[in-house]
Amino acid sequence: MNKKADTNTYSTQDTFLIIRNTTLFMGLGNAVIATTQLFVAYWSASHALFADAMHTYADLVIDVLTYFAGFYGHQPPDAEHPYGHRRIETVTAVFLALFLASLGLGIIIDTVFLDQGSVSVITEYVLIASGISVVCNEILFRYATFQAKRIRSDLLAASATHQRSDALSSVLVFATACASYLPINGWNVDKLAAVIIGLMIMKMSLKICYRGIRELIDTGITERERDKMIATMLQTPGVEDIHFLRTRKMAGSVFVDVHVITKSRISVSEGHFIGESLRHELKREHPHVVDVTVHIDPEDDEIAHNKPQVSWPARNIILYMLKRATSRFTNIHWQEEDVVLHYLIQGIEIEIVLTQALDQDKQTEYSQIILEDLRHTEPQIHKLTFVRKTVAMKK
């Protein structure tokens with residue numbers, strides 16, 4: 001069994017359950033941490049620990065947003081949203097990132113420009129509470145980060161980043177408490193630490209916001225991921241080459257649109273089989289690919305792709321012309337379903353399967369006469385060939 005095919009392969013329902021369970025676990029953890037901080041802050045008269053508690057309570061609001069975004073984001077596609085609702089996750093992640101960035105900026109402004117007066121009363125309880133908060137927030141951060149990478153969820157990644165900001169703010173409280181025991185004024189150290197933490201929060205938040213905005217404007221996958229996908233497609237039997245590869249990301253999932261070049265004269269059913277084989281192989285080798293749209297091209301039409309061909313005659317017109325052109329030859333017999341048309345760059349090629357055999361010389365002569373007759377009306381017709389129908393012998 002291919003282990004790669006079993007890695008990170010989750011259905012929509014599984015993904016939502018992971019987001020739901022992770023969010024509920026983080027929400028419970030934040031409620032316990034914030035309540036503990038608030039209780040200790042009251043008894044120790046620590047304004048810093050009280051602010052840290054309010055910061056943690058803000059996480060509960062984010063957890064609620066994450067839960068509902070995960071729920072609605074994994075609703076099945078409908079008539080108005082044929083690609084599903086995964087972008088709800090992305091939009092929510094962007095808003096969470098902006099909230100975190102404003103939080104980091106607020107820490108910097110509050111530290112640098114606002115005079116907070118005397119340092120809060122520090123006790124041993126503050127050291128214990130902030131130390132426990134650091135450990136617990138770090139555990140929640142690592143757990144959420146693991147789950148975000150596991151299902152490629154930017155929404156959980158944003159929530160995990162905010163959890164890290166809680167850990168950093170608790171570190172700040174702990175450092176301030178420690179500095180108060182030094183024979184020097186710890187306020188300047190605390191001020192510098194707060195600015196650094198604010199900058200770190202802003203950097204992480206803006207990174208998530210940038211990634212989300214790039215997804216919202218349909219930025220494709222990285223060049224490395226693209227090269228791996230191309231290698232997988234070129235290994236599919238029947239694929240001569242590919243072009244016009246386009247990708248879009250949606251909350252960790254990837255949608256692919258590609259033109260596949262095959263042999264020029266294969267049947268429609270064989271072309272469909274090649275396209276389906278490529279689609280299944282691509283999804284098997286790249287589990288984050290959720291949908292592949294394949295266009296079968298009989299040749300490399302990249303140069304002529306945008307050239308209009310609407311003026312070329314359709315099948316019904318060509319059949320009418322063929323009936324008229326062959327009507328004067330009494331020994332030429334054919335059926336409409338036995339006419340094969342090839343629309344290629346150099347022109348239209350026609351293959352007619354005859355129901356009765358013709359002498360090779362007459363077959364060549366008649367084909368040239370009929371081709372010239374057809375080209376007078378439709379110069380796009382490039383070639384005409386007669387083929388003898390073979391009938392299987394009955395036992």
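How many residues apart in helix 9 are Glu281 and Arg284, and by about how much of a helical turn are they separated? Being three residues apart in helix 9, these two are separated by about one helical turn. The legends below return to this pair, and they describe a model that is predicted.

**Figure 1. Overview of the protein chain, with its eleven helices and six strands.** The protein chain has 395 residues, of which buried residues make up 43%. Its exposed area is about 22200 Å², and carbon and sulfur atoms supply 61% of that area. When contacts between residues at least 6 apart in sequence are considered, 72% of them join residues at least 24 apart. The structure also holds nine salt bridges, and some of these are taken up in the later views.

**Figure 2. Close-up of the salt bridge between Glu281 and Arg284 in helix 9.** The side chains of Glu281 and Arg284 meet in this salt bridge at 2.8 Å, taken from N to O. Because an α-helix has 3.6 residues a turn, residues three or four places apart point the same way. Glu281 counts as partly exposed, since its relative accessibility is 26%, and Arg284, with a relative accessible area of 33%, is partly exposed as well. Elsewhere, salt bridges that share partners join Glu138, Arg142 and Arg164 into one network.

**Figure 3. Close-up of two salt bridges, Lys263 with Glu240 and Arg246 with Asp257.** In the pair formed by Lys263 and Glu240, the closest N and O atoms are 3.9 Å apart. Lys263 lies in the loop between strand 2 (253–261) and helix 9, while Glu240 lies in the loop between helix 8 (223–234) and strand 1, so this salt bridge ties together parts that are 23 residues apart in sequence. Lys263 is exposed, with a relative accessible area of 51%, whereas Glu240 counts as partly exposed at 44% relative accessibility. In the pair formed by Arg246 and Asp257, the closest N and O atoms are 3.2 Å apart. Arg246 lies in strand 1 and Asp257 in strand 2, so this pair ties together parts that are eleven residues apart in sequence. Arg246 counts as exposed at 52% relative accessibility, but Asp257, at 18%, counts as buried because the cut-off for that word is under 20%.

**Figure 4. Close-up of Phe244 in strand 1 (residues 241–250).** The phi angle of Phe244 is near 55°, which is a positive value in a residue other than glycine. With a relative accessibility of 28%, Phe244 counts as partly exposed.

**Figure 5. Close-up of helix 11, residues 360–377.** At 1.5 Å a residue, the 18 residues of helix 11 should span 26 Å, and this agrees with its end C-alpha atoms, which are 26 Å apart. Which residues of helix 11 are buried? They are Gln363, Tyr366, Ser367, Ile370, Leu371 and Leu374. Seen down the axis of helix 11, these buried residues fall within an arc of 135°, so they line one face of the helix. Their cover includes helix 10 (315–326), strand 5 (347–354) and strand 6 (381–388). On the face of helix 11 that is turned away from its buried side, the exposed residues are Asp361, Glu372 and His376.

**Figure 6. Close-up of Gln163, a residue of helix 6 (residues 154–179).** Is Gln163 buried or exposed? Gln163 counts as buried, because its relative accessibility is 1%. Its side chain is joined to the side chain of Asn30 by a polar contact of 2.7 Å. Leaving aside residues up to four places away in sequence, Gln163 touches Met26, Asn30, Asp59, Asn137, Leu140 and Phe141.

**Figure 7. Close-up of His286, in the loop between helix 9 (268–285) and strand 3 (289–297).** His286 is buried, with a relative accessible area of 9%. Which residue's side chain makes a polar contact with the side chain of His286? The partner is Thr232, and the contact is 2.9 Å. When residues up to four places away in sequence are not counted, His286 touches Lys228, Met229 and Thr232.

Definitions and conventions:
Residues are numbered from 1 along each chain as its sequence is written. This is a predicted model: local features need pLDDT of at least 70, side-chain atom pairs count only at pLDDT 80 or more; totals for chains, interfaces and linings use all residues. Side-chain values use heavy atoms; hydrogens and water are left out. Helices (H or I, at least four residues) and strands (E, at least two) are DSSP runs, numbered from the N terminus. Buried means under 20% relative accessible area, exposed over 50%, partly exposed in between (1.4 Å probe, protein chains only). A polar contact is a pair of N or O atoms within 3.5 Å; within protein, one must be able to donate a hydrogen and the other to accept it, and residues adjacent in sequence count only if both atoms are side-chain atoms. Contact means heavy atoms within 4.5 Å. Accessible areas come from the Shrake-Rupley method with a 1.4 Å probe; for residues, only the protein chains shown count as cover. The expected span of a helix is 1.5 Å times one less than its number of residues. The arc is that of the directions from the helix axis to the C-beta atoms. A salt bridge is a side-chain nitrogen of Lys or Arg within 4 Å of a carboxyl oxygen of Asp or Glu.
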